[in-house]
Structures are given as structure tokens and as C-alpha cells.
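Thanks for making time. I will go through one model, starting inside and working outward.

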Amino acid sequence: KIVTMVFPMEHNKALLEKFWHKAARRIYKQICLGHNVAFVTIGDPFIYSTYIYLIRKLRAIDPKIVIETVPGISAINAVAALGQVPLAEYKEKIAIIPLPKQIKKLNLYFDLFDTVVLMKVGKFLNQLISFLTQQGLEDSVFFASRIGCPGQYLAKGLKQITKEKSGYLSTMIIRINKTKKAQR
């Protein structure tokens, strides 16, 4: 039996808590009835996933509950594979972050890391493109949206990215050129 659960894309923590708690109680009820339950999520269950909050709620209901987590293929790895973009070579360092509200803070990551993976870029894509262009990183970017879903979109370089193709499920890999890094 497949049951669809709705989790709003919302920043109101109190509202989200209610949805997570309601879903956990629903799942727990099925477990108490003797059913095996699986919760399917896009990507890896421990990278920016609702699954994290859901299992916390289940454990709050019953600390002895047995939960088995099967790792998924993260958007980070899927995007790198589709774009044939190495995430790290030799002793390179990688950062995986949600796009900061103050985009200029990315310079801190660009100085410290060789590859920066940005998650959740859809809403501020135009500002991000402008900032990366100013930084001279136009050709250092691989962008993907809706990986594995209808409407999947891939773009190598900033000039290939169109706002119409972005969205909530967007990831960007930025490989910092060592020459440009030395110039910074």
C-alpha cells in the first residue's frame, strides 16, 4: 500500500513540527499493526531530507523502534556523475552548503575549498549567476535541476543556465580554478 504524505516547503518550524509529528504517528500506527513501513525520499536520506526529522519524531514516540536506513544517491553525486565533474582530486577540499542568504559570503568558501557544492540555489539563481560572473567563474560551474525527474535540466557554464529551468531541486558544483584562486 502506498500512502502519500505532504510536507510543506516552509520555514515555519512550529508548522513543520506538526507535519513531522503527524506523519510519525501515522507511520507508528502502521508499525503497531504489524506492518513493515518504508519511507522513500529523493536523494540521500541524511542530506537535507525530511527523513531526518521524521525518524527523530519516531524515536521520540518509541525510543526502542528499529529503523533501518538505506543510503540513496545524493544530488551531489548524481550531478557530479551526470556532468562528469570531479568533486575532489588528490588533496583537494570540498564544501557542501546550502546557498547562503548573503551570497558574497561564498568568497570565504572559495578561498578555503577547491570545490563548492551549492544546494537549494533555485530561488536566488539570478543573483548567484551575477555574483559568480563578477568572480570570473563563468566556466567553472555545472548546474543541474530536477535530477532523475521529468524536466531534468543540465547546464555547463553560467551562460547555459536559464531561470525557467531552475527550481527547488537545483544543485550547482563550482570548481575553483587554482590560477583564479591565486589571483583572489
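Leaving aside neighbours within four places in sequence, which residues is Leu118 in contact with? In this predicted model, the partners of Leu118 are Ile97, Leu99, Leu106, Leu128, Ser170, Thr171, Met172 and Ile174.

Leu118 also appears in the largest nonpolar core, which has 23 residues. Together with Leu132 and Met172, Leu118 is among the residues with the most contacts inside that core. Two or more residues each come from helix H4 (106-112), strand S2 (115-119), H5, S3, S4 and strand S5 (170-175). H5 gives the largest share, five residues. Apart from this core lies another, of 10 residues, including Val85, Val117, Ala144 and Ile173. As general background, nonpolar side chains in soluble globular proteins tend to be buried together.

Now the chain as a whole. The elements are six helices and five strands, and in sequence order they run α-α-α-β-α-β-α-β-β-β-α. The C-alpha trace spans about 60 × 35 × 30 Å along its principal axes. Of the 184 residues, 38% are buried. If you take the contacts between residues at least 6 apart in sequence, 57% of them join residues at least 24 apart.

On the surface, the chain exposes about 12000 Å², and carbon and sulfur atoms supply 55% of that. For charges, the count is 28 positive and 12 negative side chains, with the centres of the two sets 7 Å apart.

Two residues to finish, Ser140 and Lys156. Ser140 sits in the loop between helix H5 (125-134) and strand S3 (141-145). Is Ser140 buried or exposed? Its relative accessible area is 15%, so Ser140 counts as buried, the cut-off being under 20%. Not counting residues up to four places away in sequence, Ser140 touches Ile173, Ile174 and Arg175. Ile173 is one of the residues named for the 10-residue core, and Ile174 is also a contact of Leu118.

Lys156 belongs to strand S4 (residues 153-156). Lys156 is classed as exposed because its relative accessible area is 56%, and the cut-off there is over 50%. Setting aside neighbours within four places in sequence, Lys156 is in contact with Val141 and Phe142.

How far apart are the C-alpha atoms of Lys156 and Ser140? They are separated by 8.2 Å, with the two residues 16 apart along the chain. So that pair has one buried member, Ser140, and one exposed member, Lys156.

That is what I have.

Conventions
Residues are numbered from 1 along each chain as its sequence is written. This is a predicted model: local features need pLDDT of at least 70, side-chain atom pairs count only at pLDDT 80 or more; totals for chains, interfaces and linings use all residues. Side-chain values use heavy atoms; hydrogens and water are left out. Helices (H or I, at least four residues) and strands (E, at least two) are DSSP runs, numbered from the N terminus. Buried means under 20% relative accessible area, exposed over 50%, partly exposed in between (1.4 Å probe, protein chains only). Contact means heavy atoms within 4.5 Å. Accessible areas come from the Shrake-Rupley method with a 1.4 Å probe; for residues, only the protein chains shown count as cover. Lys and Arg count as positive and Asp and Glu as negative; His and the chain ends are not counted. The place of a charge is taken as NZ of Lys, CZ of Arg, CG of Asp or CD of Glu. A nonpolar core is a set of buried Ala, Val, Leu, Ile, Met, Phe, Trp, Tyr and Cys residues joined through side-chain atoms within 4.5 Å.
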